[in-house]
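Hello,

Here is the structure we talked about handing over. Please open it alongside this note.

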Amino acid sequence: MVDGPAGTSGSRKVSVWLGPAQPDSVKEAVAKQSQLVSSAGSANVIVWCSHDHDVSKMSSLLHPGIEWVQLDSAGVDHWFEAGLIDGGRVWTCAKGQYGPAVAEHAIGLILAGCRRFKELACARSWKPVHGEALEGKTVGILGAGGVGREIIRRLVPFGVRIVALTEPGGPVELADESLGPDEVDVLLRQSEIVVVAAPLTEKTRGLIGRRELDLIGPHGWVVNVSRGGLVQTEELVAALKDGRVGGACLDVTDPEPLPPGHALWDMPNVLITSHSANAVDVPGDRDARLEAYARLVELNIQRFAVGQELVGVIDPRDGY
């Protein structure tokens, strides 16, 4: 059961303020399971849906009657930075809901790095480039949570050795080796490709710096599909320029957006995809991200109404 009011048993009235955006799929999911209200002042639940990371509007919406807040992002570092997530109510996020889309993107980046697609695609004359086979490589998954496990599942057919690290430690399904949080160096030394998929918290910010990049080495690649702040950008640029790391495929950067003219844009061994891992459609020209979020919202409202544990609960102590 969840803590606080949402942990009580029995049915309850659920009044939801949805916003600031109200896409049809999410609006339908809310209306199907609860009363949709026009003012947060008359709501006991906030279902956040926004087109950007501007969280400034949230503080004016929170009042003592708000028992639960559902966030539309998997990463919640910007909410913590704004000082909004507290222990006075239940907060949930979309962690794990976008795993399949991000995992597909990660596989694409891994293959692009191995086969040097950036260099080939930017050529303006016939320029054969020798890539490398993915088969037989060791791939380290730094953060084998929802996204990381989806990546692992898709990596298995490629015939790679998989080393997976999680915060709680313990065995990770389909991984050849499972590590705990104190074994980052072990993963980096072994891995020819390091996939960064951990949440951004105070513990993990700047996790990949000069020392870690040196452990990855001149033949290793960094693939980041989590948050840009996990990798120290200046140290990554220096390591790439010096040849101390082989290359990088980045869906996320720090800063983000990455400014025009930044050194990373023009490096032949760096591929940047502008935080596009979730930007995919499903058949019928529907936004896959919104479809996944709508399903989560519907499920969690059902659970909240009868006092069941919610999916994606945020722990204010852990930061995710």
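Below is what turned up, starting with the rings and moving on to the empty spaces. Keep in mind that this is a predicted model.

**Aromatic rings**

The whole structure was searched for aromatic pairs, and two came up. One of them is W48 with W79. Their ring centres are 5.4 Å apart. The planes meet at 90°, so the pair counts as edge-to-face, the class for angles over 60 degrees.

Where do the two partners sit in the chain? W48 belongs to strand β3 (residues 45-49). W79 belongs to helix α2 (residues 77-81). The two are 31 residues apart, and the pair links distant parts of the chain. Are W48 and W79 buried or exposed? Both W48 and W79 are buried.

There is also a charge over a ring. R12 lies over the face of F304, 4.4 Å from the ring centre.

**Cavities**

Rolling a probe the size of a water molecule over the atoms shows where empty space is left. How many cavities of 30 Å³ or more are there? The count is two.

The largest cavity has a volume of about 60 Å³. Its lining is N224, G228, V231, T233, L236, L250, V252, T253, D254 and L264. By class, that lining has five nonpolar residues, four polar and one charged.

The second largest cavity holds about 40 Å³. Residues lining the second largest cavity include R116, F117, K118, W221 and C249. Three elements each give two or more residues to this lining: α3 (99-114), α4 (117-122) and β12 (270-272). The split for the second largest cavity is seven nonpolar, two polar and two charged.

**A pocket to look at**

The second largest pocket contains about 450 Å³ of space. It is lined by 21 residues. Which of them are closest to its centre? They are T253, P255, E256, P257 and H275. T253 is also in the lining of the largest cavity.

Helix α2 gives the most to the lining of the second largest pocket, with three residues. This is the helix that holds W79. By class, the pocket lining divides into seven nonpolar, seven polar and seven charged residues.

That is the full handover.

Best wishes

Technical notes: Residues are numbered from 1 along each chain as its sequence is written. This is a predicted model: local features need pLDDT of at least 70, side-chain atom pairs count only at pLDDT 80 or more; totals for chains, interfaces and linings use all residues. Side-chain values use heavy atoms; hydrogens and water are left out. Rings of Phe, Tyr and Trp (its six-membered ring) pair if their centres lie within 6.5 Å; planes under 30 degrees apart count as stacked, over 60 as edge-to-face and the rest as tilted. Helices (H or I, at least four residues) and strands (E, at least two) are DSSP runs, numbered from the N terminus. Buried means under 20% relative accessible area, exposed over 50%, partly exposed in between (1.4 Å probe, protein chains only). A charge sits over a ring if NZ of Lys or CZ of Arg is within 6 Å of the ring centre and within 35 degrees of the ring normal. On a 1 Å grid over the protein atoms alone, a cavity is a set of points where a 1.4 Å probe fits but cannot get out, and a pocket is an open set with protein on both sides within 12 Å along at least five of seven lines; lining residues have an atom within 4 Å of a point. Grid points are joined across faces, edges and corners, and a volume is the space filled by probe spheres set on the points. Ala, Val, Leu, Ile, Met, Phe, Trp, Tyr, Cys and Pro count as nonpolar, Asp, Glu, Lys and Arg as charged, and the others, Gly among them, as polar.
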